[in-house]
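Ready for a bit of backbone practice? Grab your viewer and work through the exercises below, each with a solution that goes step by step.

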Amino acid sequence: MKLTMTPVAYAALAIAVITSPLMAQAQSDAQSKGLEIAKEAEARDLGWQGSKSKLQMVLQNRHGSKTTRELRRQSLEVTDEKLGDKSLVIFDSPRDIKGTALLSHTKVLDPDDQWLFLPALKRVKRISSANKSGPFVGSEFAFEDLLAQEVGKYEYAFLKEEKVDGQDCFVVRRIPRYKNSGYKKQIVWWDKAEYRVQKIEFYDRKDSLLKTLTYGGYKKYAEKYWRPDSMNMVNHQNGKQTLLQFQEWELGLKLTDSAFTPAKLKRAR
Amino acid sequence: MRALLATALLVMVGCQAPQGGVFDFSGVVTGELRAFPANPRFADQDDDPLSVSVAVEPEIVYEWQDGLQRVVATPFVRVDSNDDDRTHADLRELHWLYLGDSFTLLAGVGKVFWGVTESRHLVDVINQTDGVEDIDEEAKLGQPMVNLTLEGEWGALDLFYLPYFRERTFNEERLRGPFPISSNPTYESSADEGHQDWAVRWAHSLGDFDVGLSHFSGTSREPTLVPEVRASGTVLRPHYALMDQTGVDVQWTRDAWLCKLEAISRDDDQRRFFAAVAGFEYTFFQFIDGYGNLGILSELLVDDRSRRSPRTAFDHDVFVGARWSLEDAQDTAILAGAVVDLQSPETLVSIEAERRVGDSWFVELTARLFLNTDSDSVARALSEDDFISLAVSYHF
C-alpha cells in the first residue's frame with residue numbers, strides 16, 4: 001500500500017512545525033514573566049538593612065498534640081548578588097536548648113556557611129550546610145524554607161493568575177538551582193497588589209505535593225516592608241504541621257557585619 | 001583570691017549598673033542515678049552499686065544598655081550520696097562582659113572552649129577539668145580571667161590574663177586512680193596557684209576552613225599523680241608543672257564532610273612533646289525514610305609525651321563513633337563511640353542516648369565501659385568501674 005499523507009495529516013504536521021517555535025516562544029515568555037515577578041518582589045523589599053523578629057514555633061503532630069519553641073532571629077541584608085543575607089537565630093525555649101544559637105552566612109548557589117553555638121560547653125561548631133532539605137529543629141520547615149529567598153536561587157516560569165483569599169495573585173513555578181534541595185519544584189502565589197508571597201506549594205523530588213505554606217496577617221514595617229504575622233506549613237504526606245507566629249518585627253535596623261561573626265556567636269544571648 | 005576577685009567585680013558592677021536593665025533567671029536541676037555492676041577494684045572504695053546525686057545550676061544574667069553590657073552568674077552545686085569528693089560546689093561563671101563592635105571585654109570567672117575534635121580536647125587548656133562530673137573531661141571549673149577579644153577582617157584575636165589557678169577535682173570512691181588523691185598538690189611555680197598565666201588565640205574562618213592558632217604559658221591544668229607513702233597509706237599527690245603550649249586547630253567543612261585536626265607542641269618540666277588528634281565526621285542526612293541523620297566519626301590520636309609527664313590513655317589510639325539524631329520534636333539522639341588502643345587491646349566504650357520529655361524535662365542515659373585493660377594501661381584502675389547512669393533534668 002502506498003503511503004500517502006492525507007490533508008489532515010499535512011495540516012497536523014504544519015501545525016506541529018509552526019507551533020513548536022511558538023511554544024518555545026511562549027515558554028520563554030513565561031520564564032521571563034516569572035523572573036520579572038520574582039525580581040519585582042525582591043526589588044520592593046530592598047533596603048530593609050537589618051531586622052529583628054521574635055517568634056513562636058508550634059509543632060503539631062498528626063494526632064493534634066503540640067509542642068512550642070520560642071526563638072529570636074536577627075538578619076542582615078547583604079546586597080551582593082552572589083551572596084545571601086546573614087542571620088542569627090537564638091533559641092529561648094524549650095529551656096534545655098535555651099541560648100543555643102545558629103549563625104548562617106547564606107550564599108545564592110554555593111553552600112552556606114553555618115556555625116552552631118552550644119551554650120553548655122561554650123562551644124562554637126562549624127556545621128555542614130548540606131542538609132538543606134532536612135527539618136529545622138524537628139519542624140515541618142526545612143532549612144531551605146527559612147533561608148533568604150534570593151532571586152538567583154531559582155528558575156522561574158509564570159503559570160497563570162488566580163485569586164487567593166480574594167486577592168489577585170500571580171502564580172509562578174520555580175525550580176531550585178542550588179544543590180541539595182529536597183524539592184523538584186515550588187509553586188508560588190504572589191499578590192498583584194504588593195508582590196507579597198501568599199502561598200507556596202512544595203513538591204518533593206518525585207514531583208508529588210509535599211507541603212503547603214500559607215502566609216497570614218501581613219503588616220507594613222518601617223513604612224515600606226511587608227512582613228507576615230504567621231506562616232503555617234502543612235505537610236500533606238505525614239499529616240504534621242508547623243505554625244510560625246511572629247510576635248515582634250523590627251526592620252530598617254542599623255546592624256553591622258561584626259554582629260554576625262563566629263566570635264560574636266559565642267556571646268549571643 | 002577568688003573571693004577577692006568576685007567582690008571587686010560585684011563592686012564594679014554595683015557602681016555601674018544603671019536602672020532599666022533586664023534580669024533573666026533560668027537554670028537546671030538534675031537527678032542522677034549511677035549503677036556500677038561490678039565490685040570495686042580497691043578495698044578502700046565504696047562498694048555500694050548504686051549512687052544517687054543531685055546537681056543544681058542556676059544562671060542569673062543582668063543586661064543593660066540594650067545588651068551592650070551584662071553580668072552573668074552561674075553557680076553550681078552537686079550533692080552525691082556516696083562520694084564526698086563528688087559533693088562539690090563551683091562558680092562556673094561570675095563575670096562582667098562589655099560587647100563592643102570590634103572588641104569584647106570580659107572580666108571575672110569565665111568558661112572558654114577551644115578546638116574542633118570530639119574524642120579528645122588537646123588545645124582546650126584555659127579551664128580546669130571538673131573531673132568528678134564525668135570522665136569525658138568536658139565539665140570545666142570556672143576560671144578567673146580578663147579576656148579581651150579584638151575582631152577585624154583578619155579574624156578574632158583573644159588575649160587572656162589568668163591570675164589564679166584551679167586544682168582539678170578527683171573522685172574519692174569509684175572512677176579514680178589506684179590510691180586516694182591528696183588534696184594538697186605541689187606546684188613547679190614557687191607562686192603555687194598564684195602563678196600569673198597568659199594565653200593568646202587567633203581564630204579565623206576562611207571559606208571552607210576554620211582555623212585557630214593558640215599559645216598558653218603558665219601552670220598546666222593536667223597534673224602528674226605522684227605516689228607518696230604516708231603512715232595512713234599511699235596517696236597520689238597531684239603535681240602541676242609549668243608549661244608552654246602552642247596549638248593549632250583546623251576544620252574543613254564541605255558538603256556532608258567535616259575534617260578536623262588538633263595538634264599541640266608542649267614544653268613541660270620533662271621535655272617538649274607533640275600530640276595530635278585528626279579525623280573526620282561524615283553525615284548521612286535523612287538516612288532512614290527521609291528522617292534522622294547518621295553521622296560517622298573517626299579520629300586518630302597520637303601523643304609522644306614523656307612517661308614522667310601526666311599520663312594519658314590516648315597515646316596511640318583510634319576513635320570510632322556514630323551519632324544518630326532523629327531530628328524530631330524531642331531532639332532524640334544516640335551517640336556511641338569507642339577509643340581503641342593500637343598497641344594493646346584496651347578499649348573505652350561510651351554510649352549516650354538523650355531525649356526531651358514534655359517542654360521542661362530532659363533524660364540522658366549514659367554507659368561507659370573500660371574493656372581489656374591490662375597491667376600497663378592508664379585505665380587499669382578503672383577496670384571494675386563500668387557504669388550506667390540515668391540523668392533526669394528539669395530546666396526552668
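**Exercise 1.** Find where A:Pro94 sits in chain A, then work out whether the peptide bond from A:Ser93 to A:Pro94 is cis or trans.

*Solution.* Start with the location: in this predicted model, A:Pro94 belongs to the loop that links β3 (83–93) and β4 (101–107) of chain A. Next, check omega for the bond from A:Ser93 to A:Pro94: it's near 5°, so the bond is cis. That's worth a second look, because most peptide bonds are trans.

**Exercise 2.** Take B:Asp66 and decide what sign its phi has and whether it counts as buried or exposed.

*Solution.* First, place B:Asp66: look in the loop between β2 (50–64) and β3 (69–80) of chain B. Then read phi, which is near 55°, a positive value in a residue other than glycine. Most residues other than glycine have a negative phi. Finally, count neighbours: B:Asp66 has 10 C-beta neighbours inside 10 Å, and the cut-off for exposed is 12 or fewer, so B:Asp66 counts as exposed.

**Exercise 3.** Do the same for B:Gln286: which loop holds it, and how exposed is it?

*Solution.* B:Gln286 falls in the loop between β15 (272–284) and β16 (293–303) of chain B. Its phi is near 50°, again positive in a residue other than glycine. With 18 other C-beta atoms within 10 Å, B:Gln286 comes out as partly exposed.

**Exercise 4.** Judge how compact chain B is from its radius of gyration.

*Solution.* Begin with the make-up: chain B has 1 helix and 21 strands. Its radius of gyration is 22 Å, close to the 21 Å from the globule rule for 396 residues, so chain B is as compact as a globular protein of that length.

Note on methods
Residues are numbered from 1 along each chain as its sequence is written. Chains are lettered from A and ligands numbered from 1 in the order in which they are written. This is a predicted model: local features need pLDDT of at least 70, side-chain atom pairs count only at pLDDT 80 or more; totals for chains, interfaces and linings use all residues. Helices (H or I, at least four residues) and strands (E, at least two) are DSSP runs, numbered from the N terminus. The radius of gyration is taken over C-alpha atoms; the globule rule is 2.2 Å times the number of residues to the power 0.38. A residue is buried if 20 or more other C-beta atoms lie within 10 Å of its own, exposed if 12 or fewer, and partly exposed in between; C-beta atoms are placed from the backbone.
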